[in-house]
Structures are given as structure tokens and as C-alpha cells.
Amino acid sequence: MSAEEPLHRRLGLRDDEFERIVETLGRQPRPAELAMYGAMWSEHCSYKSSKIHLRSLPTQGSAVLVGPGQDAGAVDLGDGWAAVFKMESHSHPSAIEPYQGAATGVGGIVRDIVSMGARPVALLDPLIFGPLTEDRNRWLFEGVVAGIGGYGNCIGVPTVGGETRFAEPHSANPTVDVMCVGFARADDLVTSTSLQAHPGSLMLLYGATTGRDGIGGVSVLASATLDDGEGSRPSVQIGDPFAEKLLIEASLELIERGLLEGLQDLGGAGITCAVSESAARAGLGVRLDLDAVPLREPGMEPFEILTSESQERMLAIVHPSKLEAARAVCDRWGLQVAVIAELEQGGTLTVTHRGEVVAELPATSLTDEGPEYDRPKEAPPSAGGDDPTFATFDGALLGALLAVIASPNVASTRWVWEQYDSFVQGQTVASSGSDAAVVRVPGTMKGVALAADGKGRFGALDPYLGAAHAVAEAARNVAVTGADPLAITNCLNFGNPERPAVMGQFVEAIHGIADACTALETPVTGGNVSFYNETAASAIWPTPVIGMIGVLEDYRLRVPTGFPAGGLAIYLMGETFPELGGSEFAEVVLAMISGRPPALDLGRERALLSFLVEAAADDLLASAHDCSEGGLAVALAEAAIADGHGFAVTISSDLPDHVALFSESASRAVVSVAPDREERMVELALEHGVPVTRLGETGGPRVVFDGMFETTVDELRDAFEGAIPRLLGEAV
Amino acid sequence: MAGSARIGVITFPGSLDDRDALRAVELMGGVGVPLWHGDRDLRDVDAVILPGGFSYGDYLRCGAIAGHAPILEEVTGFADRGGPVLGICNGFQILCESGLLPGALIRNRSLRFICRRVMLRVETSRSPITADLVPGELIEVPIKHGEGQFVARDDELRRIESEGQVVFRYAGPDGVTDDAHNPNGSMASIAGVRNPRGNVVGLMPHPEHAVDPDVGPTGGQPLLASLIARAMAGASA
């Protein structure tokens, strides 16, 4: 990029986009105006490559209170409570500066939840890195985890789940997603329709000062590939969790006292986005005075103030009669506050700086009338290569199990989640280590179950199936705890959308999500698209990460993941087919990433989910664990490791032993049942049409696969718990 | 319950477990009284809890700025009069910074934040939270901190030990203290200490997150029950 290039190109705008701006304004744009369009029409802020496809996602459902288009989605939990939730990525900043990149990602998603009027109650962090055998990947991994903890632990929001995966294509571009959930009284949700802003009302900017950090920030970083990553470091913002904590408390107090006509967080595109979106949603114009913005340093240019992505700022709309009361709340929390704009009739956003108009444009031209592209796409090649299902395997089964369970994709991520505060707020019934986290709704018996899942390796082989499996697995992880899956949010992590191959993957994945969400009746309430995750034409695996929320009517009926005692009967729910394509066993033991991922019969999946929810409500299950990565063998091993109860099972099957043990067929779960409830459990399974097989019983320190091999819980635990610390060179 | 002890919980900017401490107090039968860092008023409470969190962002040293908050003068006077004071995690750091308790808390040996359940061995009954417990008793309570490694100068440590000021040590399930069960590298596995008079106590683990069996262990129950009973006794004395 040379300095002689026209300004609009340097701001990331195409020539035809520039022409469109000239047409909208009826004149040549001023520099500040171009900067505003550049930020707002960036891929990150405008979803210009994805919008056309996102529209095909199912968004309607009886539980949905707020669907896509707001800062976050919301579902009805009953009894007047709403859960607000959303997922976002901070992958690009994290690739450059892992600690701050991940930390500010947490800060941003938390403000999204607060701006809906909800108290943030839980965070989940789905992460994908390159293999830990490489130094740089270890640096990214340790930095991202420390950043998530460093920020999340300081704001009093428990981090209760997520997942950590490793795959070579994510070496240059780690995937750092973060999901936040908040609770609010359904009547108190802040949305564009629940509060009405009036002409003459004031926009209050409160929180941190505005500085030169993050100029262009996320909106630029996340809208191009990172081939010049090192030079982009100054674009990464710096987080201040202490300020965020005060911002949360002050914002919730402003809402509780009824002082607001609107609330918006400042994220991508900074003041430009917050002011234009607030005005556009109110159907009003606005006059913005940049001289009123508290600055961190003197001499900032209008475009810098307008697009700075300094963290920990919020924008409130207040009626002039409530200004003093609102100021007092901010003062009490020690937050700087300034009136920076006034709403007015019409739809024009006017920006002044030192008495001069530096921008004057229709607010909606920034927010709603941006470009939209139907980019060329290429159908992904049909899943191929040698299918590992039919590869010969004559190794030892125990050795294979120990290898799979010590694979970083399967192994315990205790090293990660012990760095996160999961206790604060005192409502965490289950957290990391459980298939889904469960958080109580204060003052009720309800629990909200949360899971986040991506199926990158399946997606690499078949983007449609990868996406659909991610939805199914997230729903299953919620259902094994006994919770009824309600709705999803998502983060769609892909490469460069300007390449038809990537766009083809994206479109297939959207179809997969749409089909699965429709069949499982878990509508999409919002989400985030993260494109340009590639370097030198090597893209990440196409990985939609699904954040699922479900509700347990009585959290005390939550079903644990592990076997809680000896003397219980163990059953496999669902059926195992010869499906090793894309499996952990195929990658770790056979060194094959090829073939076709397991089939997904959404009817079977739905039957399993409804069985699990009903069985939990009837208190029939002592434990239930999703059967996925590593197959049946790993599901049994994990259930044993959890509380130290071994088992003896007989796997009778027409399949070769290694296929029966490690196939990753969908729609399965391993459950344990007290002897006096077996009969009712089996009846219920048959009523739901779920295949059910009795495998054996729990108990003792040993793990016995009859006729195959034997080991101990301790040996399995050592492999499972020790794998990641060993890769990091730590004593176990 | 009429006439129950009033237990104050101070909120500093950046306090995180303040609501949790109030809830735990209520669950154990006390009356939780919110206190604000900027006030010079203890609202007639019978005991004071300084909760966990990152007061003022902990940007100087943990607890260093909170040690100068207006309400701390009141807490100091309250402690001088023999009132029961409990500092949890960041609250413990504040009490050390303000000189009410000996020693200091520095970064964990691993240099990482650690959140996990630990076993604590009770070392003395002479503190407002262990009065109902027997030395040697084991309780399970979670820790969650990045700077919880207890250190003291040699002479100070000798005095703390010889005066019986150690209230809790990190231990294994069998009660043995060793390196493997010392999560943060604290000297002599010390998890909590008291002042010489025995009315001020601080610990890194979180008893307020160990009262409700649905969301954690229950080792905090006897500690808070003891605090409430001591506060009651003081109030009626």
C-alpha cells in the first residue's frame, strides 16, 4: 500500500464503494466522513460478505425474545427471566498480541451483554490453536489463556466453560472466540423498541477516555488477512478490567434507576458506530461535538476520535431532565462522563470539531445502507481420500486408547480452566470439566446450561456436516445435563471470503447450521462472522463455533458427566456405525485426516435429546456423557476418571474392535443408571425410539473392556490429566 | 431472625465477591450489611468482612490503595476495640497492607492464577472464624487468586509460628502439609493468619464460596457460623 494511493483505498474502501459514498452525499466526501464509512463498511462491522447468507438462518421460536440485529440475542427462561447471550471472536488481535487481544475480546462481549440491560453471569471461551509442539503456538496459547483470566477474573464474571482444540491450520491464525451470558428481567431488557429516545435527548459518553490506541482497531484488523501482522501491533487495544467492572456496575445502576432512553457499548468503529447506530435505531438525527469527547492525549484528529476503539466506554441516551441523576451515578463509580451529542429531528449525523462541521451524512447510510455482496463461491470438493474406517489397524487397543485420551483435543484442559475464576457470583452449579456448564438463575430453581462446540476436523472434510455436527453436539452437551436446548448464538470462523473456495465453505456451513437448528428447534439469536483467518493463502479449517443455551427447570436435577458411584448399570444410548472419517483415532493413531465425517440423522438426534431431557426430569439417570471425540472408549474413560469409579463393559458388535471403540458416530451418549431404575429408563428410551444397549457396570479401580483389554482408572487419569502440562514442559 | 448479628461487608471499587459474602452471611443466619469504601460509617455492625476482588484494580500492589480508603480507619478503630474482622483473599491482602495482619502476599509460585478446591488444616481455635473448630480439623474451601503466596521475614515468620498466629495451612486429604499440596508456594503452607489479639483474621481461600452445597464445597459453613456467633457474643457483651 503506497501513500500515494487515494485515501479511500487506504481506509479499505473499494473504488465502487467510494462511488457509492459520493452518490449518497451528492458531493466528494470529507476525510473524516471517509474514515467513518471505511470503518462502518468494513467486513467486521457491516457483514457485507455474509449478510445475504445469514438471512437464511432460522431465527423464530417461542423462546426467542430478541433475535439477530441487536447487541445480543435473548431467550425466555420463564418466571419473568431472560437470558441474554452472544459469541464473538477476537482472533485477529490475539494472533498479534495474545494477552491483550484475548483480554479485550472478553471486555467487548461483556459490554454487549450489559448494553442489553443484563448482568453478565457467565463466560465461555472456545479456543483453537496450532499444535503445542511449536514454540510460537505455546506462546499464543499461554498468552491467550492468561489474557482471558487476567481480564475475566478481575470483572467478577465467572468463566465456566468453552473448549480448547489444536489443529495445524490454526498455527498462524489461532481462533479465539468468547461467549457471554447475562440475566435480566424480561421486562427490563434494553432494546431498540423497549426504550424510546427523543429529539433533544443527550448522548452521554462514560467510562475510559478516548485515545489513539486501536485506531481502526478490530474493524481493520479483522477485515483483511494478517500477512503484515507484526506491523499491526499498535492497532491492538489495551484492556483495563478495573474500569470495565465499574462500567458494568454503573450501567446496571443507570438502567435500574430508569434513567436511560438508550444504551450502547463502544466496540468496532468506536464512537462512529455507537452514535450512528443509536440515532438510526431511534429514527433520528444527531449532532456530535468532538470537542466534548474526553481525550487521553491532545491533538487528536477528528478521524482518530471518531474511529478510536479505546476500550471500556459506553454511550447512554438520557433525557435532559435526568442528566444530573445519571452524572451522579457515574461519579459514584468514579467514571468520567461527558455529554457529547444531542439527538434531533431528521436523520442527519452532523459532526463538529473546533466549531467546524467535519462530517454531515445520513446516519442510516453508515448502518443500514452499506454494501452487500454475493461473492463468487465454489462448491467444496466432495469429502474424499482414503476413508480411515477401512484402514488396517493391528496395534494394541489399550495403546490406542491411551494415545487418543492424551491427544490435546481430548485430554483434560484443567491447565486452562484452573486459571479462570468459576466461583464468583456463587451460582455455578457445574463448570469446565462437565459437558455443559450450569448456572443458577438467582431466586429461582432454574438452571441455565451452556455449551460451546466447533467441529473443525469434520468441517475440513465436509463444511456442511461439520457445521451441522457442531449444532448437534452443542445441543447434546446441554441435553446430557438434563437441560432442554433452547437457542444458539455462533461465531463463524473462516478464511478470506474473497476466495471462492472459502465462500463455498461458508455457504455450506450456513446450510448445515440452518438444517440442524431447524430440526432441533434451536433458533439462531445472533452471532458473529470472523473472516480473513488466513495467511499466505493458507486458511483455517472452516469452523463455525456454536454456543448453545438450554434450561433446566430444577437445577438440582442436573445430571453429572462422570459415574458417581459403583454398582450402576452402564448403557450406550444410540448406535455405533463404522465411521472413523475425521475421528480423533484416525488423526492420532492412523495419522489420517481424510474420508467422510460421520453421518448425522437429525431425527435420531432429536429423539436422543428429548429422551435425555425427560429421563433427567424423571431422575432416572445417575450420569450422562456425550459420546463424541474419541468415541465410545473415550466417553467411558472420561466418565470413569471424573470421580474415580472404574467399570467393566462388554462391547459386542459386528464391527472390528477398534471401530466399535473409536468410531465417532453421532447421536450417542453413555449413561449410568441405578439398578432400580433400569427398567423405566429402558422403557423410556424405547418410547423415544432411542436404541439402547447395556454395556456393563461401574465400580472398582479397574477399567475392563471384556475380551479386549484391561487398565486402571489411575493409568487413564495420568494420560488424560498429564498430556497438556507435559506438552508445556511442566512436571506432572 | 430478631437480634441476629450484623455482619458488614465492605465494597471497594473492584470488589468482586462482596455480594457473595453478603449472601453467605445471610445463608448462615446472620444479617448482611453492605458497607461502602468511601463512607466513614460502619453502620453499627458486629463484625466486618473485607471481601475478595481486585480493589482499585490492584494496579499498585494488591490491597495497597484500599489500605488508605476512608472506611479502613473505621475498621482499624473497630479492630482496636476488639471487634471481629475477617479478610478474604483481596481483603486479606488489604489487612496485611494496612498492618493489621503480619506478612505479605506475592505472586503465586507458578506465576499463574489458580482456581481450585483445596483442603485446609485448622491450626488454632483462637480466631473469630475457628472458635468452634478443633486444631487439626480439615475443611474444603476453594481458592482463586494470582497473588496468594504468603511470605514474611524470617523473624516475623518465627514470631507468627511461635505465637500461634497461623490459623490455616494448605494440606492434603490426610492432613499432611507438603509441597504437593501447597498450591501457591506459601511459606510453611500458610493459608491464613490472625493478629496477636486474635480478633482479626485473614485467609486466601474463600469461605463465602463454601457454604452452599449446590455450588461448591461446604468448608466455609463452620467458619462463618463461628464469625456470626463471635459477633453475637460481642454485641451482647
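Trainee: Which residue is the bridge partner of A:Phe129 in strand 5 of chain A?

Mentor: The partner is A:Phe166. This is a predicted model, in which local features need pLDDT of at least 70 and side-chain atom pairs count only at pLDDT 80 or more, while totals for chains, interfaces and linings use all residues. Residues are numbered from 1 along each chain as its sequence is written, and chains are lettered from A and ligands numbered from 1 in the order in which they are written.

Trainee: What makes strand 4 and strand 5 of chain A a pair?

Mentor: Strands are DSSP runs of E with at least two residues, helices are runs of H or I with at least four, and both are numbered from the N terminus. Two strands pair if DSSP finds at least two bridges between them. Strand 4 (residues 119–129) and strand 5 of chain A are joined by seven bridges and run in the parallel sense, so the requirement of at least two is met.

Trainee: Why are strand 1 and strand 5 of chain A called edge strands?

Mentor: They belong to an open sheet of six strands in chain A, in the order 1-2-3-6-4-5 and with mixed pairing. Strand 1 (64–66) and strand 5 (159–166) of chain A each pair on one side only. From one strand to its neighbour, the turn in this sheet is 25° on average, with direction ignored.

Trainee: Which strands does helix 8 of chain A lie across?

Mentor: Helix 8 (residues 135–152) of chain A lies across strand 4, strand 5 and strand 6 (175–185) of that chain, and runs at about 180° to strand 4. Angles run from 0 to 180 degrees between N-to-C directions, and the axes are lines fitted to C-alpha atoms, for helices over the stretch in contact.

Trainee: What leaves one side of strand 8 and of strand 13 of chain A without a neighbour in the sheet?

Mentor: An open sheet of seven strands in chain A has the order 8-10-7-11-9-12-13, with mixed pairing. Strand 8 (262–265) and strand 13 (356–362) of chain A stand at its edges with a single partner strand each, so one side of each has no neighbour there. The twist between successive strands averages 20°. Inside this order, strand 7 (residues 202–207) and strand 10 (residues 313–318) of chain A run antiparallel and are joined by six bridges, and A:Leu202 stands opposite A:Val318 in strand 10.

Trainee: What is the relation of helix 10 of chain A to helix 13 of chain A, and how do you know?

Mentor: The axes of helix 10 (residues 241–256) and helix 13 (residues 323–332) of chain A come within 9 Å and cross at roughly 150°. Angles under 35 degrees count as roughly parallel, over 145 as roughly antiparallel, 65 to 115 as roughly perpendicular and the rest as oblique. Helix 10 and helix 13 of chain A are therefore roughly antiparallel.

Trainee: Which residues of helix 10 and helix 13 of chain A meet?

Mentor: A:Ala250, A:Glu253 and A:Leu254 of helix 10 meet A:Ala326, A:Val329 and A:Cys330 of helix 13, where contact requires C-beta atoms, placed from the backbone, within 7 Å. By class there are five nonpolar, no polar and one charged residues in this contact. Ala, Val, Leu, Ile, Met, Phe, Trp, Tyr, Cys and Pro count as nonpolar, Asp, Glu, Lys and Arg as charged, and the others, Gly among them, as polar.

Trainee: Is helix 19 of chain A oblique or parallel to helix 21 of chain A, and what makes it that?

Mentor: Helix 19 (residues 500–520) and helix 21 (residues 602–617) of chain A pack at about 45° with axes 9 Å apart, which makes helix 19 oblique to helix 21. The contact between helix 19 and helix 21 of chain A has five nonpolar, no polar and three charged residues.

Trainee: Why are helix 15 and helix 22 of chain A called roughly perpendicular?

Mentor: Helix 15 (residues 397–405) and helix 22 (residues 631–643) of chain A pack at an angle of about 70°, with axes 10 Å apart, and are therefore roughly perpendicular to each other. The residues of this contact divide into six nonpolar, no polar and no charged.

Trainee: What makes chain A as compact as a globular protein of that length?

Mentor: Chain A has 25 helices and 28 strands. The radius of gyration, taken over C-alpha atoms, is set against the globule rule, 2.2 Å times the number of residues to the power 0.38. Chain A has a value of 26 Å, close to the 27 Å that the rule gives for 732 residues, so chain A is as compact as a globular protein of that length.

Definitions and conventions: Contact = placed C-beta atoms within 7 Å.
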